[in-house]
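Welcome! Take a moment to look over the sequence and the 3D view before reading on.

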Amino acid sequence: MAKFGLTRRKFLVAGALVGGGLAIGYGFKSDKPDNAALSASTSEGEIALNAWIKIDSKGVVTVAIPRSEMGQGIYTALAMLVAEELDADFETIKVEQAPIDDVYANVSILQDALPFSDKFHDGEDTIGATGMAKVAGLLGVQVTGGSTSVRDAWGPMRQAGATARSMLVMAAARTWNVSPDECTVEKGVISHLKTNQSGNFGDFVVKAASETVPLSDTLKKPDDFEIIGKSKNRLDIPEKVTGKAVFGIDIALPDMAFAAVKLSPVFGGKLSSHDEKTVLEMPGVLKVVPFETGVAVVADSFWRAKTAVEKISATFDSGEAASTSSDQVIKTLTDNLSSDDARIYAEVGDAPSVLSSAPNKVTASYTVPYLAHACLEPMNCTAKVTETGVEVWMPNQAPTLIKWFAEKIADVPAENVKVHTTLLGGGFGRRAEIDLVLMAVTIAKSLKNRPIKLVWTRENDMQHDMYRPAAVSEFQASLGADGKIEAWKNRIVSQSVSGSFTARLIPWATMDAPDNTTSEGAADIPYEFSNRLVDHVPVKFPIPVGFWRSVGHSYNGFFTESFMDEAAFAANQDPVEFRLAHLGEHRDFATILQKAKEISNWSSPLPAGKGRGIALHESFGSIVAQVAEVSVSEDKTVTVDKVFCVIDCGTVVNPDTVIAQMEGGIIFGLSATLFGEITIENGQVVNENFPDYDMVRLANSPVIETVLAPSGRRLGGVGEPGTPPIAPAVTNAIFAATGDRIRELPITKSGYSA
């Protein structure tokens, strides 16, 4: 595999990305239409009024969606923002994937990378956030992740709709020689009631394109919303139901060949030798392509490529990871609980001093394993390299990164690189990685002018993922005479996701820097303690780790909410009341907790063998409380009967989508709670396929009841916040049913099954 060099600008962007984000925002700073990016994709009769909206002569509105649709409903939610301010007929609106352009870059994901000391819960109004937005103005990368899509689009895409509406109205008024203020717009029809004239958007779009773009336009107040806040049918569903939808795995191109790979079984291993003679004689085999970490076989069908690559003889130098095992990783993490090399992420008062003399202390430690993303759509990338350019078709979360690395591998001018982002069959952070595009373009470069479709087998994916890191966490708390926590000390030990991701993007860079993702969900909890210390010890292993749905929140939510339950038990208090007593001025959290208590009928008794557990967690700007009801049989089989979920995400755009995201997040987190574990022996993953990496299915899925409780607080994300609370809610429920405290996931580690 080739080595890569990035420009200074791209290095800065990559550095920003690893902290959680990137890029540049749309400012509407000019009275000239900023429609260059979208104009290139217009069909006959279509006109792009700005970077997001194009309208044809019949009045059909097409919205360019700059984020990847991976099942989270973003095509619909973002189109709703535009349609609301445009006063378009949402039932006829169309969407398409936006091209790659700085105008579509994601600002919010960069702002989320702010240090917690910068008033994390105050969002965009901090000095740090303002500065980060300006930094973002120097950069320009599209990325989907961090539950930022709606948050980032909330201003720009509504403004795009509002300014386009004004331009259309001005064009209509000029046509009719009337005042624009006398015109009304409803469902894509502009009317002037005094003269009884009307026409649809298509009648005025040509003139509208010449109108001055309003530098500022008044956006609707929430009470005037007619689309936002009402459940809308998903725009991506009809084609998915009928099979017309195109995922990366569906790409079919003329003269396309297929590639399968054999990779070093040990992390970081290098290909030392291979014998291609026998497979080159196999039917359909076109070429064998060796690269640094493996070898690919290209054939006229994927089956022939896969059959051949399984037969090819290859040896690998295993490298430093050969002796790595899961047991060794957990032991090293645990040993580092006493390390002197910790980074502090939250400090109030003097927790160590108070704890040293406290008469009533509670202590506990918790462990979680590595986890795979396990996207249902196999990992794939199709690439075609010519003498002058490269074209890539790929389900991905970061098209700008794909473009940069395709350009480098193919060694072609940037303007000759084209990336097609298809629908994604699951992302969860996995498809923000660049490994597939590096391989696909390398292989395609060896067979120029022919599209090559690289497909990883499930085994390739399971054994060569960028995993959610294993982690341990230790707590100490002291209880005062009033039963409240006086001092709280929490240490987390894990690899740095940001550091691992950076090393993959920029191998020569050393990013031994603080990584807020390691302590998110631990350092920024709402509970108020007079003395609090939260720190993290970074540990390095030769295991690649990456962004996994809800990232650090996914394990810190389990750690923190489990320990709050243990402290409540030690204080002989009800878990809900104990949490409420520590929320202080955070009344928004208390409201959500009370609502969860109410809808779950928390105080009602349950029969023997059943239990309820509660968890409260904020992530990506949204507060979520969940109550799990479980049944535990005498043989320690756990059934999660029902989950009650309450979310405050500030403003709800599409209620049906928010509920679906809560349900998806709960099922995702529940799979990790009950089954999830990647096991490593001798530097390689033992798991091979779904039978070795089980998940919650329809038959063992709980009933889920979700209540939306928007408070009007700042807009929060919904893609990930449903995941962190479910593990502690379930394990706290198991404790309520059995008296067994589960401190290690999955629950099978404690002798339970599901």
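Below is a short tour of a histidine, the cysteines and one helix. This is a predicted model, in which local features need pLDDT of at least 70 and side-chain atom pairs count only at pLDDT 80 or more, while totals for chains, interfaces and linings use all residues. Residues are numbered from 1 along each chain as its sequence is written, and side-chain values use heavy atoms, leaving out hydrogens and water.

**His192**
- You will find His192 in strand β6, residues 189-192 (a strand is a DSSP run of E, at least two residues, numbered from the N terminus).
- His192 is buried, with a relative accessible area of 2% (buried means under 20%, exposed over 50%, with a 1.4 Å probe and protein chains only).
- Leaving aside residues up to four places away in sequence, His192 touches Trp176, Val178, Glu182, Cys183 and Gln197 (contact means heavy atoms within 4.5 Å).

**Cysteines**
- Cys183 is buried too, at 9% relative accessibility.
- The whole structure has zero disulfides (pairs of cysteine sulfur atoms within 2.5 Å).
- For Cys375, the nearest cysteine sulfur belongs to Cys381 and is 15 Å away.
- Cys375 is buried, with a relative accessible area of 1%.

**Helix α12**
- Helix α12 spans residues 326-335, and Ser326, Val329 and Leu333 are buried there (a helix is a DSSP run of H or I, at least four residues).
- These buried residues cover an arc of only 60 degrees around the axis, so they lie on the same side of α12 (the arc is that of the directions from the helix axis to the C-beta atoms).
- The face turned away from that buried side carries the exposed residues Asp327 and Lys331.
- The buried residues of α12 pack against β19 (471-479), β20 (485-494) and β25 (680-681).
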